[in-house]
Amino acid sequence: MNLMNDIMLKAENISKSFENVHAVNDLSFEIKKGEIYGLLGPNGAGKTTTIKMILGLLEPDQGEISVLGLHPERDEIELKNRIGYVSEEPLIYKSLTPKELFNFIASIRKLDGEKVTKKLAEYLEGLNAVEYYERLISTLSRGNKQKIQIIAAILHDPQLLILDEPLAGLDAKSVKVVKEILELHTQRGGSVLFSTHIMEVAEDLCDVIGIVNQGKLVAVGTVDELRERANTLGEDMDLEDIFLKLTDQDESVNLIIEKLRASIN
Ligand code: ATP
């Protein structure tokens, strides 16, 4: 077996600066076939910048990215056919209804009508989206726009699904359904990269977690590996604690909590 075929994404020593900010600083990671990889980090850690470089929306200052063996900028069109992307802010066509959007996607991607209809019916029902199927996207709530964006990204069965904070704004039931959709996607051989700043979400869903802070990867591993590492760092450390410690937020959080308690008492 050629192991290289199993690598869906490889980022090697990528960096990106904006004026004086090192948004991404010498970051390397890879995602294998069938894997859910979570980029976990606090606000401003560089997650969105990393994702934009992977999509070819931003050019790295340094380093190399290979997505499904393709170059993000040079092979932009082929890549668009083979990946699905859910942005942090819903960017989808607001002057269309979900029905019009999905018809449009099915037609430009030349998808099998029967398969799409079947899949759509399941997704729409699972995500409680049937009732606004024919309402303008601009009139939908943030969470409902997000659901439509997720369905739109997965309809063509992409090999790699990239989601920036996909669960932010979704209600509990939808979170469960989206998790199931992502797991089914990987069972069929697809891979997933998603970003989150919520430890619980990463812990729940990811095969591999890469913890990012100030543009750098400070830890990477399975949940169990990170848990083992947490045990070596101190007693009673759960993953939330290790995340805060590795991202240098533990002392400041404790200080804030102490101050809050003092001012409330
Ligand atoms: P969040 O969890 O809040 O979405 P993030 O991990 O996705 O954060 P990025 O959006 O990648 O973080 O931002 C990383 C750093 O780069 C931040 O300091 C941000 O202010 C800066 N940055 C991002 N885009 C730009 C830009 N276009 N111009 C200037 N600075 C930028």
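Helix α6 (residues 172-187) lies across β3 (36-40), β6 and β7 (191-196). It runs at about 145 degrees to β7. Axes here are lines fitted to C-alpha atoms, for helices over the stretch in contact, and angles run from 0 to 180 degrees between N-to-C directions. Contact means heavy atoms within 4.5 Å. Helices (H or I, at least four residues) and strands (E, at least two) are DSSP runs, numbered from the N terminus.

The model is predicted: local features need pLDDT of at least 70, side-chain atom pairs count only at pLDDT 80 or more, and totals for chains, interfaces and linings use all residues. Residues are numbered from 1 along each chain as its sequence is written, and side-chain values use heavy atoms, with hydrogens and water left out.

**The six-stranded sheet**

The strands under α6 belong to an open sheet of six strands with the order β5-β6-β7-β3-β8-β9. Its pairing is mixed. Two strands pair if DSSP finds at least two bridges between them. β5 (83-86) and β9 (216-221) stand at the edges. Each has a single partner strand, so one side of each is left without a neighbour in the sheet. Neighbouring strands of this sheet are turned by 15 degrees against each other on average, direction ignored.

At the β5 edge, β5 and β6 (residues 160-164) pair in the parallel sense over four bridges. I83 stands opposite L160 in β6.

A second helix also lies on this sheet. Helix α9 (residues 239-246) lies across β3, β8 (208-213) and β9. It runs at about 35 degrees to β8.

**The loop before α6**

G169 lies in the loop between β6 and α6. Leaving aside its neighbours within four places in sequence, G169 is in contact with R142 and G143. The C-alpha atoms of G169 and Q146 are separated by 7.8 Å, and the two residues are 23 apart along the chain. R142, G143 and Q146 fall within the residue range of α5 (142-154).

**The α3 and α5 pair**

Two packed helices are described by the angle between their axes and the distance between the axes. Helix α3 (residues 98-108) and helix α5 pack at an angle of about 15 degrees, with their axes 10 Å apart. α3 and α5 are therefore roughly parallel to each other. Angles under 35 degrees count as roughly parallel, over 145 as roughly antiparallel, 65 to 115 as roughly perpendicular and the rest as oblique. α3 passes α5 in a right-handed crossing; that is, the near helix is turned clockwise from the far one by less than a right angle.

P98, L101, F102 and I105 of α3 make the contact with I148, I151 and A152 of α5. These residues divide into seven nonpolar, no polar and no charged. Ala, Val, Leu, Ile, Met, Phe, Trp, Tyr, Cys and Pro count as nonpolar, Asp, Glu, Lys and Arg as charged, and the others, Gly among them, as polar.

**The three-stranded sheet**

Three strands form an open sheet in the order β2-β1-β4, with antiparallel pairing. The edge strands are β2 and β4 (62-67), and each pairs on one side only. The twist averages 15 degrees from one strand to the next.

β1 (residues 7-18) and β2 (residues 21-32) pair over eight bridges. They form a hairpin with two residues between them. E19 in the turn has a positive phi of about 45 degrees. On the other side, β1 and β4 pair over five bridges.

Some facing residues in this sheet:

| Residue | Opposite residue | Strand of opposite residue |
|---|---|---|
| I14 | L27 | β2 |
| K10 | E30 | β2 |
| S15 | Q62 | β4 |
| E12 | E64 | β4 |

**Domains**

The chain is divided into domain 1 (3-221) and domain 2 (224-265). These bounds come from an automatic or database domain assignment. The C-alpha centres of the two domains lie 29 Å apart. At the interface, 14 residues of domain 1 are in contact with eleven residues of domain 2.
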